[in-house]
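Below are my comments on the model, set out as numbered points. Please read them with the coordinates open, since each point is meant to be checked against the atoms.

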Amino acid sequence: MPTAIVTGAGGFIGSHLVKYLKNKGYYVIGIDLKKTRYSQTRADKFFLADLRNDRQATKYIVAADELYMLAADMGGVGYINTMRAEIIHNNASINLNSIRAAHHSGIDKVFFASTACVYPEFKQETSDTIALKEDDALPAQPDTPYGWEKLFTEQVLRSYALDHGLKVRIARLHNIYGPESTFQGGREKAPAALCRKVALASDGESIEIWGDGQQTRSYCHIDDCCQGIFKIMQSNYDQPLNLGSSELISVNDLVDLIAEVAGKKVVKKHNLNKPQGVRGRNSDNTRLKESLGWSPTTTLKQGITPTYYWIANQVR
Ligand code: NAD
């Protein structure tokens, strides 16, 4: 039975990935600052640990066939634009400690959850954006320290690959959403926040939208995300790959879609003083398809429906 360590196993993607790996027959060790919030973990062992601390990283990241690095201090656009110093310090510490612990314990295959936030701001200035290709990341100008740190960690991993033969697999995740994601408290991302707002609104009531709502994104369902992470890890492709949907939508249209799923009418009240992130961002999946013969298949409508109902149940 292969053994996998998943850091960030108490978080949204990490807890789903633990389930996915268990279904694939893995023995799974989860590590996180906190336990899974919305369901019982399926990990065979789960350690509460702070990976900013190198002694804890060394203690819990032990011999295994594969390490999945998902632990991060992160959140939606509001969070990553206000907690800049904390985020860059925490995530650099987590990642440097995790990679060194993996190297010392003889783990030779490591997956890293990078992000679409590594891409330069100057490629994302219009709503009708051209989808981002992997090579667009350099020359670099991410719009947040969160993105800079992910790009830095990609380089750290590249150095371990060159100097020590570490097998590195990197996915640049584009806006993952689904049931059991954070939907309140300040770290939630747009799809979950909008589902919560629609769920709490009465028919005909207004909800606050950050920005003018014409900013565009693509959103990737959690099931596609876990499948993609696993496929990337099993592939021989050792450079960063986009992992996202290429179904571009404006925030205004996303609100309309959620309202349709909810069977409600909502009035959009735009707040231009709130952060909206880059103007437009989409995932070019050409290289993903070439490398894996696969790309995400869940449409936004298919994915947002169970997500909305899960969040509506939580807030009820
Ligand atoms: P999440 O916040 O739900 O999960 C991250 C987990 O890391 C949390 O459970 C948190 O407690 C844990 N963590 C934070 N600091 C830690 C520390 N010092 N030691 C141990 N654990 C710690 O976020 P998520 O959405 O599941 O994201 C997982 C990974 O994917 C992150 O690396 C994130 O940057 C990346 N990513 C996510 C998205 C997305 O849309 N969700 C997009 C791009 C990249």
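1. Two strands are taken to pair if DSSP finds at least two bridges between them, and the elements themselves are DSSP runs numbered from the N terminus, with helices (H or I) of at least four residues and strands (E) of at least two. On that basis, strand β8 (residues 206–210) is joined to strand β13 (residues 267–271) by five bridges, and these strands run parallel. Within this pairing, Ile 209 stands opposite His 270 of β13.

2. A word on provenance: this is a predicted model, in which local features need pLDDT of at least 70 and side-chain atom pairs count only at pLDDT 80 or more, whereas totals for chains, interfaces and linings use all residues. Residues are numbered from 1 along each chain as its sequence is written, and side-chain values use heavy atoms, with hydrogens and water left out.

3. The side chains of β8 alternate along the strand, with Ile 207 and Ile 209 pointing to one face, where they are buried (under 20% relative accessible area, with exposed meaning over 50% and partly exposed in between, for a 1.4 Å probe and protein chains only). Ser 206, Glu 208 and Trp 210 point to the other face and are not buried.

4. Strand β1 (residues 3–7) shows another pattern of burial: five of its five residues are buried, so the strand is largely enclosed by the rest of the structure. Both of its faces are covered, with Thr 3, Ile 5 and Thr 7 buried on one side and Ala 4 and Val 6 buried on the other.

5. Two pairings of β1 deserve a look together. With strand β2 (residues 27–32), β1 pairs in the parallel sense over five bridges, and with strand β4 (residues 66–69), which also runs parallel to β1, there are four bridges. Ala 4 takes part in both, since its bridge partner in β2 is Val 28 and its bridge partner in β4 is Glu 66. β1, α1 and β2 make a right-handed β-α-β unit, where right-handed means that, with the strands pointing away from the viewer, the path from the first strand over the helix to the second runs clockwise.

6. Which residues are closest to the ligand? The ligand is surrounded by 26 residues (each with a heavy atom within 4 Å of it), and the closest are Ile 13, Asp 32, Asp 50, Tyr 146 and Ile 176. By class, the shell divides into 14 nonpolar, six polar and six charged residues, where Ala, Val, Leu, Ile, Met, Phe, Trp, Tyr, Cys and Pro count as nonpolar, Asp, Glu, Lys and Arg as charged, and the others, Gly among them, as polar.

7. For the polar contacts of the ligand (pairs of N or O atoms within 3.5 Å), an oxygen atom of the ligand is 2.5 Å from an N or O atom in the side chain of Tyr 146. An oxygen atom of the ligand also lies 2.8 Å from a polar backbone atom of Ile 13, and a nitrogen atom of the ligand is 3.5 Å from a polar backbone atom of Ala 49. The protein covers 94% of the 820 Å² of accessible area that the ligand has on its own, these areas coming from the Shrake-Rupley method with a 1.4 Å probe. The elements giving two or more residues to the shell are α1 (12–23), β5 (109–115) and α5 (145–164), and β5 gives the most, with three residues.

8. Some backbone geometry should be examined with care. Most residues other than glycine have a negative phi, and most peptide bonds are trans. Here, the peptide bond from Leu 138 to Pro 139 is cis, with omega near 0 degrees, and Pro 139 lies in the loop between β5 and α5. Asn 175, in the loop between β6 (167–173) and β7 (176–177), has a positive phi of about 45 degrees although it is not a glycine, and Asn 175 is buried at 18% relative accessible area. Glu 180, in the loop between β7 and α6 (190–200), has a positive phi of about 70 degrees and is buried at 17%.

9. Finally, a spatial check on Tyr 79, which is found in helix α3 (residues 77–80) and counts as buried at 12% relative accessibility. The C-alpha atoms of Tyr 79 and Arg 187 are separated by 5.8 Å, although these residues are 108 apart along the chain.

Key
A polar contact is a pair of N or O atoms within 3.5 Å; within protein, one must be able to donate a hydrogen and the other to accept it, and residues adjacent in sequence count only if both atoms are side-chain atoms.
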